[in-house]
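Morning, everyone. I'll take one model today and go through it piece by piece. Here it is.

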Amino acid sequence: MLAWTIYISFLGVLALMLLPRDNARAARIVALLTAIVGCAIAFVGSIQLAQQGNVGEAATIVKTAWIPALGATYYLAADGISLVLVVLTGLAAIAGILFSWNVEKRTKEFFAFYLALIGGVYGVFLSFDVLLLFVFYELTIIPKYFLIARWGSTRKEYGAMKLALYSFVGSHLVLIGLIAAWVVARGQLGHPSLDLVVLSEQVRFPASFQHWVFPLVFIGFGILAGMWPFHTWAPTGHVAAPTAGSMLLAGVVMKLGAYGCLRVAMVMFPEGAREWQWAMAALAVIGIIYGAGVALVQRDFKFVIGYSSVSHMGFVLLGLATLNTIGLDGAVLQMFSHGIIAGLLFAVVGRMVYDRTHTRDFNDLEKMNLGKLLPFAGVTFTIAGVASMGLPGFSGFVAEFQVLIGAWQVFPKMTILAGVGIVVGVAYTLRALQKAFYSDTPTAAQDGHDHHDDHPLDPISGPERVGAVMLIAASLVIGLFPTLLMDWIEPCFKSALFARLLNGGGQ
Amino acid sequence: MNSGDYLQMLRLAAPETIVTVTMLLVLSADLTVLRGKSIAARFHCGALLSVLGCASAAIFAFTRHEQADLLNGILLVDPRTDFVKVAILALTIFTILISTSGKFTDHVGEYLSLILLGTIGLMFLVSAGDLLMIFVSLELASLALYILTAFNKRNEHSSEAALKYFLFGGMSAAFLLFGFSLLYGLSGSTNMTDIARSLAGKGLDPLLMVALVMTVIGFGFKVAAVPFHLWAPDAYEGAPTPSAAFIGAGSKVASFFILAKILAVGFAGTEGSAVAHGCIAGWTPVVAVIAALSMVLGNLTAIVQSSVKRLLAYSAIAHAGYMLLGVLSNTDASRSAMMFYVITYGVTVIGAFGVVAVVEEATGGDALKNFAGLSRRAPLLSLCLLVFLLSLGGIPPLAGFIGKFFLFSATVAADGNNLGLLWLVILAIAMSAVSFYYYLLVLKQAYVEDAAKDAPAIRVPVVTTLALVLLAALVILFGCAPSLLARFLV
């Protein structure tokens with residue numbers, strides 16, 4: 001059933017292409033319906049699958065021969081980790097469409113690219129064949145590029161091209177690793193295979209091989225996860241993207257990278273992961289602190305959120321680097337949590353504020369007194385801000401807390417540094433909140449030369465309210481009842497797939 | 001030789017014969033019945049005839065399952081060569097379909113019959129097992145290609161390109177012939193298998209080395225590999241667009257097939273090795289150097305092109321570099337992968353040139369800026385362009401990606417678990433990441449930039465639309481279900 005999340009998205013693309021050119025309303029409705037159906041399938045399918053048996057083991061959805069010569073199969077399956085991310089994708093897809101209800105320029109093409117991206121993302125999270133995963137992974141690059149280059153703002157063509165090239169270079173690093181691994185695995189198995197389960201459970205890649213191939217594949221995926229120092233696409237890309245674009249980039253696309261690191265690089269090359277554990281952790285911690293520090297001094301509202309994404313993704317990578325159950329649990333939960341919260345933050349900045357004021361510069365925003373003009377936006381950003389800081393009760397707290405506990409067991413000193421990152425996180429969020437919404441500086445009206453009062457800002461529209469409430473609710477529910485997702489995530493790390501990674505080199 | 005032998009010869013060469021008859025029919029029909037009709041009508045009637053002829057030849061070749069060696073290597077027929085011929089015929093059909101709306105010439109019959117003549121040359125080339133036959137059929141195809149390049153008599157670039165192509169091609173033919181004559185002198189035979197047998201165990205003596213280098217140079221010109229590529233950008237740019245498509249697609253398939261055969265069969269025993277830490281002199285290191293140069297130079301030079309045809313020419317050079325990986329790996333798997341790659345590349349590149357031809361017709365040029373706003377002016381056309389260019393760039397799930405995966409994995413696997421050829425594959429993959437940039441530049445014009453305000457919608461001729469959509473569908477099909485094609489190439 002879950003496979004239909006992929007098909008329905010691409011069917012949506014087809015339906016959009018057949019629509020008449022100028023009917024923006026119909027395009028929106030088709031896109032929203034597709035996303036809702038996709039999300040519903042994701043929810044129902046996930047719950048069904050979770051009830052059927054042990055979510056720790058990958059449950060096969062489809063498995064048929066695809067390219068026998070390469071040993072590639074059309075193999076869709078899901079374990080608890082996939083389920084969490086599929087549900088996230090479903091939520092993010094709906095929210096993104098609600099927050100792009102005001103796209104008037106070539107609406108139909110916009111949503112066609114949007115749904116193609118969503119379909120690719122579902123595909124990555126459900127693929128258990130490495131080649132298939134790679135196919136879906138690369139499939140997401142093209143829609144991203146066009147969404148940003150065509151419908152973006154600030155230096156959109158630069159941001160889009162940078163993102164596309166970074167993604168492509170990253171995926172090509174992965175490709176080198178895959179081809180080398182395919183050859184070595186074929187030598188050991190006696191037949192070609194690209195099945196993730198076979199490659200990680202039956203093949204033992206020589207340590208000397210893992211030594212160089214692990215960093216290649218990990219960095220390849222890590223580029224998309226915003227790993228320092230390969231994160232520079234993220235702020236420019238996020239800033240240039242249209243609102244729905246940055247929501248998806250931060251919400252799910254960065255998760256693709258982190259998911260690839262975990263699912264492919266670490267599971268297939270566990271000895272390599274142990275060997276490079278410290279380097280991974282160091283890069284993650286640098287990312288956390290660097291992202292937070294840079295976010296603290298930005299003048300552009302969206303850049304603050306862009307760099308905060310780098311910082312928060314650092315926690316995911318730190319969680320991965322712990323190589324212990326609790327750290328990995330936290331990492332996966334953080335993927336979900338950051339997907340929701342970052343989506344919300346970008347929605348406030350891009351849709352609620354920028355589309356109305358046409359500026360994101362704090363100096364201008366300070367004068368507008370947005371807290372009064374757009375109270376809903378102010379409240380939403382406050383809630384999203386505290387969720388992002390990691391206030392207990394929201395999903396971010398549970399996730400980052402677990403990451404830190406896991407990291408403390410392995411590298412206490414670096415954990416303290418990561419804690420510093422959290423403090424800086426509080427600072428930049430409060431600074432942004434204060435400057436954008438609740439500033440004390442005299443408003444423009446009092447300055448004497450005001451042009452905003454002549455054109456009152458549009459009130460926050462219905463779709464925006466629905467989207468914001470939905471995302472806040474998701475973060476709250478998971479913050480208050482983390483077991484909802486933890487019951488899916490935890491069993492995964494007890495499964496045979498992760499045994500070699502977690503049991504320190506035994507069998 | 002009695003009459004039975006002639007009958008057998010006719011039977012074995014039936015596909016070629018059918019195409020020859022078609023060619024004569026097309027030519028005479030155009031000179032008699034169709035005289036005085038409009039150019040479009042002549043093109044459509046001629047194309048219909050040619051397509052029917054090529055299709056029946058292809059069906060004949062596809063359905064017979066014969067294995068024969070006529071006159072000691074003059075004509076080798078087996079299912080594999082037959083399938084390659086089918087592929088060449090299919091590419092010819094598509095080339096003809098995209099040329100039907102052309103306005104570059106009044107000599108419709110001659111144009112179509114030259115394409116068919118070139119096809120016949122390529123078909124014989126595929127079947128050749130003898131050096132003389134290789135040379136003769138290669139020249140037959142090349143002469144047709146020179147004239148096809150010059151066919152736009154109203155454009156002086158076309159003649160310039162053809163002259164350049166002809167001079168370079170003539171030189172390369174001389175190199176090739178010199179190499180072949182040395183081979184004959186060393187072995188006393190022109191049959192490839194006999195040559196290999198008589199050279200076996202003698203090692204790599206200097207004269208053989210010269211013969212080898214000459215042969216590689218000769219074919220290097222034909223497939224436009226660096227440093228023998230200088231004719232390609234000018235020829236692609238100056239030639240009428242369908243001719244450029246024919247040079248880039250059909251002739252590549254045959255040239256690579258025969259190049260791999262000569263090196264693997266004729267020079268068997270002098271492979272040497274191109275692995276990273278143990279290079280041994282032989283033909284693989286020679287090809288490796290050419291492949292590496294082609295990939296690097298082709299891709300880097302393509303970035304700065306402003307004419308899309310030149311861009312495609314440099315990308316063709318780069319692709320020739322990837323294809324050479326399949327030659328130098330020298331395993332059956334790598335040669336199958338290479339043929340898969342060359343055929344799907346042919347399909348893709350005809351499509352790309354087809355789009356360029358339409359845009360050129362409508363906007364008067366093939367510069368990048370002529371593609372601005374294409375997605376609004378001709379949505380279906382630009383969707384096809386998207387498919388073709390992304391496939392060339394190696395984006396899944398299109399044929400270009402699967403082709404690269406086949407080719408690169410076969411190359412790495414050629415050295416077993418030692419991964420000795422990985423350095424070439426790493427280079428190829430890095431360069432393919434570069435190539436993505438310039439394909440994206442073209443697509444950016446089509447999808448991101450706006451057309452000039454008063455630019456009208458582009459009307460795409462029906463036949464061209466049909467051909468392009470079919471080609472795009474093939475690119476997607478071979479990408480999603482590569483086994484459909486790959487199983488014939490094993």
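Start with strand E2 of chain A, residues 72–78. Six of its seven residues are buried, so the strand is largely enclosed by the rest of the structure. Keep in mind that this is a predicted model.

What does E2(A) pair with? Strand E1 of chain A, residues 59–67. The two run antiparallel, and seven bridges join them. One register point for you: Val62(A) has Leu76(A) in E2(A) as its bridge partner. The hairpin has four residues between the strands, and there Gly71(A) takes a positive phi near 75°.

Next, helix H6 of chain A, residues 141–151. Buried or exposed? Buried: 11 of the 11 residues, so H6(A) is largely enclosed by the rest of the structure. The buried set includes Lys144(A) and Arg150(A). It also includes Tyr145(A), Phe146(A) and Trp151(A).

For contrast, go to Arg21(A). Where is it? In the loop between helix H1 (3–18) and helix H2 (24–52) of chain A. Arg21(A) has 12 other C-beta atoms within 10 Å. The cut-off for exposed is 12 or fewer, so Arg21(A) counts as exposed. Its C-alpha atom is 8.6 Å from that of Thr107(A), although 86 residues separate the two along the chain.

Now helix H19 of chain A, residues 395–410. A quick geometry check. It has 16 residues, and at 1.5 Å a residue they should span 22 Å. The end C-alpha atoms are 24 Å apart, which agrees.

Which residues of H19(A) are buried? Among them are Ser395(A), Gly396(A), Val398(A), Glu400(A) and Gln402(A). Val403(A) and Ala407(A) are also buried. What covers them? The cover includes helix H14 (301–322), helix H15 (325–357) and helix H18 (375–389) of chain A. Helix H20 (412–436) and helix H22 (462–480) of chain A are part of it too.

That leads into the core. The largest nonpolar core has 408 residues. The residues with the most contacts inside it are Val84(A), Leu317(A), Leu318(A) and Val253(B). Helix H7 of chain A, residues 156–189, supplies the largest share, with 19 residues.

Take Leu318(A) as an example. Leaving aside residues up to four places away in sequence, Leu318(A) touches Val403(A) and Ala407(A), among others. Those two are buried residues of H19(A). Its other contacts on that count are Ala281(A), Ala284(A), Val285(A), Ile288(A) and Ala418(A).

On to chain B. It has 21 helices and two strands. Its radius of gyration is 22 Å, close to the 23 Å that the globule rule gives for 490 residues, so chain B is as compact as a globular protein of that length. Its C-alpha trace spans about 70 × 55 × 40 Å along the principal axes. Buried residues make up 62% of the chain. Take the contacts in chain B between residues at least 6 apart in sequence: 77% of them join residues at least 24 apart.

Last, where the chains meet. 27 residues of chain B are in contact with 28 residues of chain A. On the chain B side, helix H18 (399–413), helix H19 (422–447) and helix H21 (483–486) each supply at least two residues. Which gives the most? H19(B), with 12 residues. By class, that side of chain B has 21 nonpolar, five polar and one charged residues.

That's the tour. Over to you.

Conventions. Residues are numbered from 1 along each chain as its sequence is written. Chains are lettered from A and ligands numbered from 1 in the order in which they are written. This is a predicted model: local features need pLDDT of at least 70, side-chain atom pairs count only at pLDDT 80 or more; totals for chains, interfaces and linings use all residues. The expected span of a helix is 1.5 Å times one less than its number of residues. A residue is buried if 20 or more other C-beta atoms lie within 10 Å of its own, exposed if 12 or fewer, and partly exposed in between; C-beta atoms are placed from the backbone. Two residues are in contact if their C-beta atoms, placed from the backbone, lie within 7 Å. Ala, Val, Leu, Ile, Met, Phe, Trp, Tyr, Cys and Pro count as nonpolar, Asp, Glu, Lys and Arg as charged, and the others, Gly among them, as polar. A nonpolar core is a set of buried Ala, Val, Leu, Ile, Met, Phe, Trp, Tyr and Cys residues joined through C-beta atoms within 7 Å. Two strands pair if DSSP finds at least two bridges between them. The radius of gyration is taken over C-alpha atoms; the globule rule is 2.2 Å times the number of residues to the power 0.38.
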